[in-house]
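Here's a quick briefing on how the chains of this assembly meet and where empty space is left inside. Have a look at the model first, then read on.

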Number of protein chains: 4
Amino acid sequence: MSAAIGARDSHAQIQGRTSIGFLGPRGTFSEAALRSMEVSQNADLVEYATVGQALSAVRAGEITMALVPIENSSEGTVSVTLDELATGEPLCILDEQAHPVEFALMARPGTSLTDIQQIATHPAAEAQSRGWLANNLPGVTVIPATSTAAAAAGLAEGASYDAAIAPALAAEYYGLTVVAPSIGDADAAVTRFVLVSRPTPPPPPSGSDKTTLVLFMRADHTGALLEILTELSVRGVNLTRIESRPTKKALGDYFFVVDAEGHVADERLGQAMTGLRRVCAAVRYLGSYPRHDGRESSVRTGTTDGDFVAADQWLQRVRLTGHSDNVS
Amino acid sequence: MSAAIGARDSHAQIQGRTSIGFLGPRGTFSEAALRSMEVSQNADLVEYATVGQALSAVRAGEITMALVPIENSSEGTVSVTLDELATGEPLCILDEQAHPVEFALMARPGTSLTDIQQIATHPAAEAQSRGWLANNLPGVTVIPATSTAAAAAGLAEGASYDAAIAPALAAEYYGLTVVAPSIGDADAAVTRFVLVSRPTPPPPPSGSDKTTLVLFMRADHTGALLEILTELSVRGVNLTRIESRPTKKALGDYFFVVDAEGHVADERLGQAMTGLRRVCAAVRYLGSYPRHDGRESSVRTGTTDGDFVAADQWLQRVRLTGHSDNVS
Amino acid sequence: MSAAIGARDSHAQIQGRTSIGFLGPRGTFSEAALRSMEVSQNADLVEYATVGQALSAVRAGEITMALVPIENSSEGTVSVTLDELATGEPLCILDEQAHPVEFALMARPGTSLTDIQQIATHPAAEAQSRGWLANNLPGVTVIPATSTAAAAAGLAEGASYDAAIAPALAAEYYGLTVVAPSIGDADAAVTRFVLVSRPTPPPPPSGSDKTTLVLFMRADHTGALLEILTELSVRGVNLTRIESRPTKKALGDYFFVVDAEGHVADERLGQAMTGLRRVCAAVRYLGSYPRHDGRESSVRTGTTDGDFVAADQWLQRVRLTGHSDNVS
Amino acid sequence: MSAAIGARDSHAQIQGRTSIGFLGPRGTFSEAALRSMEVSQNADLVEYATVGQALSAVRAGEITMALVPIENSSEGTVSVTLDELATGEPLCILDEQAHPVEFALMARPGTSLTDIQQIATHPAAEAQSRGWLANNLPGVTVIPATSTAAAAAGLAEGASYDAAIAPALAAEYYGLTVVAPSIGDADAAVTRFVLVSRPTPPPPPSGSDKTTLVLFMRADHTGALLEILTELSVRGVNLTRIESRPTKKALGDYFFVVDAEGHVADERLGQAMTGLRRVCAAVRYLGSYPRHDGRESSVRTGTTDGDFVAADQWLQRVRLTGHSDNVS
């Protein structure tokens, strides 16, 4: 079998087998989060060095989906993910997963805390461990690595530094010892991941859904954000999150990424989306998917699907007959 | 031919001949306004003593339509008309007409200004002539009449007062002499009349239309008016007028009558109406009709019919395929 | 004593004795409402033929105050009162009173219901008795009078009509017999009166106050009403009423009269008023006064006087020192 | 001289000499941006390894100010800077500077493009050079460095990689040769820096100012963002930027950082700030400072300082006398 065919064999589309990319190397939170999702059970898991590479593989059809980090409760947005989703070939979010971020300090077997002078880790992990390091290893030097798992892998391969900050899972993979098990600053640090595929028809509403939209403003339009929020609030749609990102065209030129309560199939969200479509230069739909926290959308009086359908039928009757509401 | 059949003969619906009611007696502005409208050319004009009687006749099918005053540039809303249209059997406005209010002081032939000590007129006409009377007939007594034309008719029939304030047309009808031709205070006093029928399918948009709606609030809903205005403004619909009227249930319980720019067939107004329908306890549509001033609706970017249709199609595509806007 | 001095003697301001005007003649609801107010106890009550005349007397300093009707739960606004207050020499509302409207059918002693063929009354009273008349006196003729009391007075003086519709109080005054005691259509019809004086410093807040404002828009300003409501709502001020009235300049040119919850001395209302002052062409303050229904204003989080004062002090500190809120 | 005194000697405050921190090492854009500002002329420039260290030094009074990056036109917000400014001991922005981001590919003298197999640089610089690298050095390996200058410095010291991506200024410092002078993807990539000190009274308005505020919401308050934007828009204050950042307490709990047009001394912004102060749990003022682009604030009718002062005086008069606007 030729290499080319072998490569194609790995494509889910051809073999009918699901393949899911994640941000490698082995042992990162991305893998841990992915393994905690049912969808990963009978799928091939494929590691990628960067978010961009994982999403490119989805776009190219080399894998079925990819799980990528989008937000961290202590560091905020993962900009590269937002930017990759917002432009280029369209992608859709199918699901989300919130995974606790627990960093461990790990070293080669036999190393004790007092031996540690140089630590390698990803800058984001360093940022979240700063407090612990200041208290427990005041004079230590921190060397940046491309990922926490790469720091652990390097240690296993005999790198010159003494320890790595990485998920506990990485210690297993690379035969290291956990010196301190949970050294993150924020007690409940959590990373939110999204499972992304090429555009597909939205799954049916689950009763607890979220919809992600990317909104590009018309040029030089002061008050655009107020306008956007009004389009949503007037139909009773709440936002759970709003992010602004630069368009990379000029300083001060932004687009917005919003997470709205509800599903694109909901009338209130659908009509809000048409309103946004008219008000914005472009609106990119990034998917409706079940919320990781299972919370139900709050529905204001007059904004159920039934209310919208009844109002549309009422309008049709008015337009056809001139008859509206009887009032005694 | 029996009396019953004769009565039915007068019904426009049966004979195919149009009959239009107006606020009598002969010689009022209502008649003058009606005669200035093309629709009156080949119609039977029927006078009624009150707005309520004219509208009851329309409701009962005794006449095809009625022209009734709805607003005066100096006295404001004609409350009885609004209240009659807002409740009871539904009616629709087909057209509107603005007619200048020019009052004349008239008397029996031979009477001069200095002879006049008692004048009869309708209180509204007195209100509009107050300035002129104070300057020109300071000590004069004004007697209230049910209408300006009734005052003129009474004069012709030998009433004890010396003059009447009425439209110049009334002098012709009743054989009186105009002593002073134009004595109204406000230079440009104008009455707006509406032509009302039983509900019919709306006429096609003329490009310069107005739509009248009656909005009943949900009980005890602070902020309802702001909500209403937002439903309209978010779709780019301007109001030309808003009136509050008591529901007659309790002091402080109101409904609103609004005149909106545009036609019920316009997408932006249609969608605003469905929004109002969901927000309000009841919405009564009182018709879309050509504006008397011929002014075109202002249409904000993103609110043409084409914009609405395109956004709806866009939503349909998103719902079916997950594909929205491409952004490079 | 010269005539000039005599004239001045009649001025309450000079003699220290309060005089209060009301809409006569004796026996109207205006008088009944006024007598139910404590302020009338030791005051001279002076009747006037019209609202305009009563208010002119206040403006001229001939009387201390006047009680005039401003709104009726079934007929709506008393336009003449609104218009008189909105323009001309400034006046202020000191207090309000809600008085039930109970109309009685009265006649000369010895008249029975079946004798009645012609009834005199004010058109507003006729409007409110229409249902009763249609049921109980179907063929009766109604003659308009300048006031309900005038109809009763005329009857007493031997007028040609058989009965009058007027407040029961009028029967006492004019020696008439009540044929039917309560013939108004709406069960709970109530007229709201306002006690008006020349401008004075507002009374201290009572804890349950209302403030009336007249708002004149800038020319041709679409969206002005939405702007006005936003100025109020953003500071947590609720409206209990809004009326539009024509400016008498052109059809479609209106001003608004609003009743807002709260007192001009309240910070939230004061700041809303300055916002309105900047947004409108003119704002006329018509007084802060205790609500007739004793209801307390609802106060949203962050809008107490303390919240406003604290925020102002906070701003002052920021401006002087650059220090604002500490956030750990 | 004791050590303690020596330590105090290094404090700018004591010696009267200005010292300004920047993000080192020597040769970064931070230094280039700082050198382009007049304030750096007679100041001691002190390098720091991280934004956090530079700001801690300002807080501790060790240096007078620090210049730190806050936003990049292609990468977006510098989260660490926002987070450092938003919490902890208060700091104030005195000025801003926008500096073009031009990356050069540099190597040890004698290296040609075709020799390059491994490049070191900061991940942000890699992100902005990705397009150029893909086109010109397709198979190259990129090694992460703590800063672009560190990559250049390492190269000079004989590191094992072949080239560095850094500002051209770094080549001068470290004796390297520029192989390709401008390899950034975005044509006009610009970094915005802010000059930060401990809180001081704001400088006088320059006519073209911006004010940065940090807004902490009340818990679980849906619609808070709409409320915030309304507080600003109702007083005619435009936003040039809004960022949401996690509070690090729970996923989905954010604060907002906004840049508003205008100066804290402006009435419209001052009143908007008091409104925000009442609506939010906390508002941190981060300074009013001249805009780098020199654009003037747009001022809506009714929102000049004069308009606010006049409205306040008007309210005072109403409160004292009951007199407001005369309307004829």
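How many residues of chain D are in contact with chain C, and how many of chain C are on the other side? It's 49 residues of chain D against 49 residues of chain C, with contact meaning heavy atoms within 4.5 Å. Keep in mind that this is a predicted model: local features need pLDDT of at least 70 and side-chain atom pairs count only at pLDDT 80 or more, while totals for chains, interfaces and linings use all residues. Residues are numbered from 1 along each chain as its sequence is written, chains are lettered from A and ligands numbered from 1 in the order in which they are written, and side-chain values use heavy atoms, with hydrogens and water left out.

**Chain D against chain C**

- About 4,000 Å² is buried between chain D and chain C, and 58% of that sits on carbon and sulfur atoms; buried area here is the accessible area (1.4 Å probe) that two parts lose on being put together, summed over both.
- On the chain D side, the residues losing the most area to chain C are D:Arg278, D:Arg319 and D:Val327, which together make up 18% of what that side buries.
- The rule picks out 4 salt bridges across this interface, each a side-chain nitrogen of Lys or Arg within 4 Å of a carboxyl oxygen of Asp or Glu.
- D:Arg319 turns up here too, in a salt bridge with C:Glu267 whose closest N and O atoms are 3.7 Å apart.
- There are also 16 residue pairs in polar contact between chain D and chain C, both residues at pLDDT 80 or more. A polar contact is a pair of N or O atoms within 3.5 Å; within protein, one must be able to donate a hydrogen and the other to accept it, and residues adjacent in sequence count only if both atoms are side-chain atoms.
- Helix H9 (224-234), helix H10 (267-279), strand E15 (282-290) and helix H11 (305-321) of chain D each put at least two residues into the side that touches chain C; helices (H or I, at least four residues) and strands (E, at least two) are DSSP runs, numbered from the N terminus.
- H11(D) gives the most to that side, with 10 residues.
- Sorted by class, the chain D side has 21 nonpolar, 16 polar and 12 charged residues. Ala, Val, Leu, Ile, Met, Phe, Trp, Tyr, Cys and Pro count as nonpolar, Asp, Glu, Lys and Arg as charged, and the others, Gly among them, as polar.

**Chain A against chain B**

- Here 49 residues of chain A are in contact with 49 residues of chain B.
- Chain A and chain B bury about 4,000 Å², with 58% from carbon and sulfur atoms.
- A:Arg278, A:Arg319 and A:Val327 supply 18% of the area chain A buries against chain B, more than any other three residues.
- The rule gives 4 salt bridges between chain A and chain B, including A:Glu267 with B:Arg319, closest N and O atoms 3.7 Å apart.

**Chains that don't touch**

- Chain A and chain C make no contact, and their nearest C-alpha atoms are 13 Å apart.
- Chain B and chain D don't touch either, with their closest C-alpha atoms 13 Å apart.

**Empty space inside**

- The count comes to 4 cavities of 30 Å³ or more; on a 1 Å grid over the protein atoms alone, a cavity is a set of points where a 1.4 Å probe fits but cannot get out, and lining residues have an atom within 4 Å of a point.
- The largest cavity has a volume of about 90 Å³, a volume being the space filled by probe spheres set on the points, with grid points joined across faces, edges and corners.
- Its lining draws on chains A and D, including A:Glu243, A:Arg245, D:Glu243 and D:Arg245.
- Strand E13 (239-246) of chain A and strand E13 (239-246) of chain D are the elements giving two or more residues to that lining.
- The lining of the largest cavity has no nonpolar, 6 polar and 4 charged residues.

Technical notes. 1 Å grid on protein atoms, 1.4 Å probe; cavity = no way out; pocket = protein on both sides within 12 Å on 5 of 7 lines; lining within 4 Å.
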